[in-house]
Amino acid sequence: MTSVSVDNQTTAQEAHTDDYSLDRVPRSERKMGWLSITNITFGIATAIFYFQMGSVMALQFGAINALISSAYAIIVAGILGSFIAYFSAKSGMNVNLMSRGGGFGYIGASLTSLIYASNFILYVAFEGLILVAAVYTFFPSIPQWVLIVFFGTIVIPLNWFGIKQLDKLQKWSLPIFFVFLIAAIVFSFLTPSVYEGSFWTYMPAGVEVGGTALLACIGMHHGIMGLTALLASDYTRFLKPKDIKKGSIIIGFVPQFFCFGVMGGLGIWFGVRLGEANPGVYIVTLLGLGGALFTALTQLRINVTNIYSASLSLSNFFENMFRFTPGRRFWVVVAGVLAIILMLGGIVDHLGAVMTFQGVFLLAWAAVLVADALIVKKMLKIGPLYYEARQKYLYKWNPVGTVALIVASVLGTIAALGFMGEFLASTAAFFAAILAAILTVVLAIATKGRYYMRKQPEEVPEEDFIA
């Protein structure tokens with residue numbers, strides 16, 4: 001066997017071990033059905049965080065406002081998620097790799113990869129602390145720092161073997177999750193309600209349907225919608241080609257319906273019925289030790305997906321910027337250790353500020369990718385009709401996506417902080433997304449697509465074209 005063939009075989013083995021974190025998934029490896037991928041995305045959709053969001057919105061702004069906002073979140077995130085899933089399945093790439101040829105250039109895309117990885121690491125910390133609090137309720141003799149280290153470390157081996165391990169973990173744990181969920185619902189019916197009317201009629205004193213209260217709920221949903229829309233790309237790149245059209249819509253909408261509709265709706269129900277916004281309190285109140293086990297299961301399910309996505313993004317950033325490629329497993333460990341440090345440092349105290357910026361940035365990023373694919377590439381025929389991730393074919397920077405994202409994120413954050421009025425403060429992420437989409441089209445026309453490709457590759461199969 002020649003040295004060239006040995007090198008190629010080694011590269012292929014490394015890519016397979018790393019779940020193709022640095023290049024498109026070959027068509028021969030796109031073997032997963034839409035049901036398996038939807039099952040994996042349920043890891044984030046079943047997080048207790050959505051209980052808490054629904055409960056907080058209902059108790060502060062009224063159940064009907066929370067329900068209307070949930071419907072809005074399902075529709076908008078579902079549409080964005082479906083498009084992102086389709087582009088990912090067609091190209092065999094996740095959003096980090098798509099960004100390179102989707103308007104950012106290979107260095108410009110590093111900006112998105114680093115912030116995306118940071119978001120997932122922060123979420124590992126936030127979700128981990130919910131789990132620590134639930135367990136600490138029953139075992140107060142165990143120091144919290146010990147629980148943080150234990151639960152922060154356990155997600156690392158659960159991520160060691162990549163996409164196939166995630167599929168099995170989520171598949172076998174989902175029935176257990178539903179058993180606990182049904183038990184919580186049954187016990188909530190058996191527990192006297194602190195509110196006498198129908199839960200959806202609950203409205204705090206001085207609050208009305210619509211107006212400021214509804215905008216506040218929408219603003220809270222914006223903090224997570226971009227993440228749920230973009231997340232699916234880490235898994236849909238493995239989707240079978242024959243499942244792309246149907247699978248993209250299912251994978252785009254079903255997890256959104258479950259996290260904002262089912263989990264968020266149950267959060268509204270639990271919050272109003274029990275008069276408590278913290279699910280770490282009311283789930284344990286309903287199920288006792290079973291509530292702590294339920295919390296542990298849901299938080300581990302979501303954190304293995306968070307760590308997986310963080311490892312892919314870190315792999316992309318360091319390969320792009322420094323040509324440092326130690327492998328995805330190395331970054332699984334790094335992400336886990338960083339999350340533990342954040343938990344020990346009390347990152348939960350800054351949840352509001354983090355979600356504000358995250359909502360603006362992620363929704364704007366999703367808007368850039370969708371506008372670039374649907375309008376720039378497909379309608380205007382500017383730039384290539386496919387995604388390219390290899391540095392030798394790309395410019396370092398493409399102002400189309402990079403400038404659009406930076407300007408939209410900066411102005412969106414300023415709006416979110418209240419400097420552009422109350423309306424834009426609550427709709428800052430949506431404002432940033434619209435602005436990002438408009439700027440993407442304007443800049444693509446102005447630059448005439450000059451910065452998309454430094455030279456054209458010859459071997460991109462037509463089946464991988466997204467436009």
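Contact here means that heavy atoms lie within 4.5 Å. In this predicted model, two sites are described below: a salt-bridge network that is centred on shared partners and joins Arg24, Arg27, Arg30 and Asp464, and the surroundings of Asn159, a residue in the loop between helix H6 (144–154) and helix H7 (162–190). The count of salt bridges comes to 7, among them the pairs of Asp464 with Arg24, with Arg27 and with Arg30.

**Salt bridges of Asp464**

- Asp464 and Arg24 form a salt bridge in which the closest N and O atoms are 3.3 Å apart; because Asp464 lies in the segment after helix H17 (428–447) and Arg24 in the loop between helix H1 (3–17) and helix H2 (34–45), the pair ties together parts that are 440 residues apart in sequence.
- Asp464 also forms a salt bridge with Arg27, for which the closest N and O atoms are 2.9 Å apart, and this pair links distant parts of the chain, with Asp464 in the segment after H17 and Arg27 in the loop between H1 and H2, 437 residues apart.
- The side chain of Arg30 meets that of Asp464 in a salt bridge at 3.1 Å, N to O, and here again distant parts of the chain are linked, since Arg30 belongs to the loop between H1 and H2 and Asp464 to the segment after H17, 434 residues apart.
- Through shared partners, these salt bridges join Arg24, Arg27, Arg30 and Asp464 into one network.

**Accessibility within the network**

- Asp464 has a relative accessible area of 2% and is therefore buried, the cut-off for that term being under 20%.
- Arg30, at 3% relative accessibility, counts as buried, and Arg24, at 16%, counts as buried too.
- Arg27, with a relative accessibility of 31%, counts as partly exposed.

**Surroundings of Asn159**

- Asn159 is placed in the loop between helix H6 and helix H7, and with a relative accessible area of 0% this residue is buried.
- A polar atom of the Asn159 side chain lies 2.6 Å from the backbone oxygen of Val304.
- When neighbours within four places in sequence are left aside, Asn159 is in contact with Gln165, Leu166, Val304, Ile307, Tyr308, Arg328 and Val332; Val304 thus appears in this list as well as in the pair at 2.6 Å.

Note on methods: Residues are numbered from 1 along each chain as its sequence is written. This is a predicted model: local features need pLDDT of at least 70, side-chain atom pairs count only at pLDDT 80 or more; totals for chains, interfaces and linings use all residues. Side-chain values use heavy atoms; hydrogens and water are left out. A salt bridge is a side-chain nitrogen of Lys or Arg within 4 Å of a carboxyl oxygen of Asp or Glu. Helices (H or I, at least four residues) and strands (E, at least two) are DSSP runs, numbered from the N terminus. Buried means under 20% relative accessible area, exposed over 50%, partly exposed in between (1.4 Å probe, protein chains only). A polar contact is a pair of N or O atoms within 3.5 Å; within protein, one must be able to donate a hydrogen and the other to accept it, and residues adjacent in sequence count only if both atoms are side-chain atoms.
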